[in-house]
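User: Please take a close look at the aromatic side chains of this model and at the strands and nonpolar cores around them. I would like the criteria to be stated as you go.

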Amino acid sequence: MKHLAFPDGVTRDDLVAWYRTMRARTRSLFDLVTPDSYYERPIALRNPIVFYEGHIPAFAVNTLLKLAMKQPGIDEQYERIFERGIDPEDETAVGSPTDVWPSRRAVQAYGTEADARIEQALASGVLEDDGVPQLRGGEAALTILEHELMHQETLLYMFHNLPYDRKVVQAYDRKVVQAYDRKVAPAAKTVEARTGSIDHSAVRIPAGRVTLGAPRDGAFGWDNEFPHLEVHVDAFEIGRHNVTNGDWLAYMKATGAPAPHFWVEHEGEWRWRGMFALLPLNLDAPVYVTHDEAARYAAHHGKRLPSEAEYHRAAYGTPGGEERAQPWGDAPADATRGNFDFAAWDPVSVGSFPEGASAWGVHDLIGNGWEWTSTVFDGFPGFAAMPSYALYSTDFFDGAHYVIKGASPATARQLVRRPFRNWFRSNYPYVYATFRCVR
C-alpha cells in the first residue's frame, strides 16, 4: 500500500508501529482531563468526552474488522452508540445531556480488546484485496489510522475549552509529544513577543495553474482529495504572514468588533486562552477566528479570503511553473518547517519557521493554524465516496462548511500533504484556524 508519509511504501511493521504510538498519544490526551470531567461536554456542539474514548476504537472495529474484513465485532451496543459523532448547526439540535453513557472502566476495557484485535489484523490479516472495495490499496487500514489522528486534534479543541481546574496540570510537563519520541521544535519552545518586527507586506503571485486534489494512483487519501483538478488562478496579492493578534486588536479598537474566542479579558487586559493557563497575549502570533470573523476583517480592509486554489498557488507554486509537494520543496515535513505534529500547545509568533516558507516567500502556510479559504466544501468533478467511510465527506456537502488548508500545532505530520482538505462551519469558533488576506 502507498501513503505519502512513507515514500518507500508501507509495511506491516510500519502499520503496527504507527497504531501503537498513535494509541499511546490518544491515551495521553485523555489523561489531560480530570476524572470528574469525563461526562462533560466542553463544547456544547459536540458529544461528551466519554463518547470519543469509545468512538475511536469502535470506529476501527466497525471499519476494518466488520466492514472490510467481514469479522465479528466485540460489542454490538458499543459499536452502535459510539459509531458517529455530531455536527449540529446550533446547540438546539444537540441531544439531551442526561443521556446515559457507559462507565470509563467499561469503555477502556472495550478499547483494550479492540486494540488487541486491530493489532492482530494489522500484523497478519488480509489488508489488501482488489476484490473487496474497502481493501483496495489497504484503504480501511489507513482510514482508521488517519481517523484517529484527526480526532486527536479535535480532542484538544474540546480540552482547550475546559476550565483550568478540570485539567491535569502535571500532564503539561510530560508533553504529549513524548509518545512519539520527538523533540519540540526549537522555535516553538520559547517565544517572546516581537511586536513591530512583523513584515506586513503582501506578496504578488503571478497568474498560473495549480493542481488541486490528487491523482488516483493508489496512494491513500480521503475521498474529497480525488480526483486531481487543474485550475487557472489569476494574479493576486497575499499576506506574507497570517493576520496576527496585534492586527486584530487594532481592528477591534477601530471598529468595535468582538474579541475572538481564544481571548479572555483579565484585569483589564486581553490574555490568550492557553491550554493550561491564561497567558500574555502574543501580539505577533496568528489570530484564531471563525470564517465569518475572518471574512469581515478582510472586507473591512478592502480585501477578501483566498480561495482554495489561491492558497495552493501561494503554497505550492513556483516562479518556474512547477508545483512542489510541500511549500518548502519535496523534503518531508519535520520540526524545522512549522508548528505542527504536537510541537507546541499553542501558536507561536508568525515567521518562526523560515525554512518552511514557500517559493514566493509566504510563511507558515503549513502549521501554526489552519488557513480559512473562501471555498465552500464540496467534491471535485468525478468525486466518488470512499468504500471504507461513505459518509465521510458527503454529509458535509451542504453549503455550510468551508475548506481550511495547512495544519495547526495539533495536526499530525502524516496528514501534512498537499491534497489534504479540512473543513468546518463558518461560525465554529473552537478550531485552531487563522487566515490571511488577498487582493
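Analyst: A residue is called buried when its relative accessible area is under 20%, exposed when over 50%, and partly exposed in between, using a 1.4 Å probe and protein chains only. This is a predicted model, in which local features need pLDDT of at least 70 and side-chain atom pairs count only at pLDDT 80 or more, while totals for chains, interfaces and linings use all residues. Residues are numbered from 1 along each chain as its sequence is written, and side-chain values use heavy atoms, with hydrogens and water left out.

By the accessibility criterion, Trp263 is buried because its relative accessible area is 4%, whereas Trp270, at 28%, is partly exposed. The structure holds 37 aromatic pairs, where rings of Phe, Tyr and Trp (the six-membered ring) pair if their centres lie within 6.5 Å, planes under 30 degrees apart being stacked, over 60 edge-to-face and the rest tilted. Among these pairs is that of Trp263 and Trp270, which is tilted, with 5.8 Å from centre to centre and 55° between the planes. The pair of Tyr428 and Tyr430 is edge-to-face because the ring planes stand at 75°, with the centres 5.1 Å apart; both of these tyrosines are buried.

The two tryptophans also lie in paired strands. Helices (H or I, at least four residues) and strands (E, at least two) are DSSP runs numbered from the N terminus, and two strands pair if DSSP finds at least two bridges between them. Strand 5 (residues 263-266) and strand 6 (residues 269-273) are antiparallel and share four bridges, with His266 opposite Glu269. Two residues separate these strands in their hairpin, where Glu267 has a positive phi near 55°. On to strand 7 (residues 278-280), strand 6 makes three bridges, again in the antiparallel sense, one partnership being that of Trp272 with Leu279; this second hairpin has four residues between strand 6 and strand 7.

Beyond the pairs described above, one aromatic cluster is formed by Phe59, Phe220, Trp222, Phe377, Phe383, Tyr389, Tyr392, Phe396, Phe397 and Trp423. A ring may also face a charge, which requires NZ of Lys or CZ of Arg within 6 Å of the ring centre and within 35 degrees of the ring normal; the charged end of Arg418 sits over the ring of Tyr316 in this way, 6.0 Å from the centre.

Aromatic residues also appear in the nonpolar cores, each a set of buried Ala, Val, Leu, Ile, Met, Phe, Trp, Tyr and Cys residues joined through side-chain atoms within 4.5 Å. The largest core has 98 residues, and those with the most contacts inside it are Leu64, Leu156, Phe159, Trp372 and Phe435. Helix 5 provides the largest share of this core, twelve residues. With contact meaning heavy atoms within 4.5 Å, and leaving aside neighbours within four places in sequence, Phe159 touches Leu29, Phe30, Leu32, Val33, Ile49, Lys167 and Met275. Another core, of 23 residues, lies apart from the largest one and includes Phe236 and Val438.

Helix 5 (residues 139-160) also holds Leu145, which counts as buried because its relative accessibility is 0%. Beyond four places in sequence, Leu145 is in contact with Leu15, Trp18, Tyr19 and Met22.
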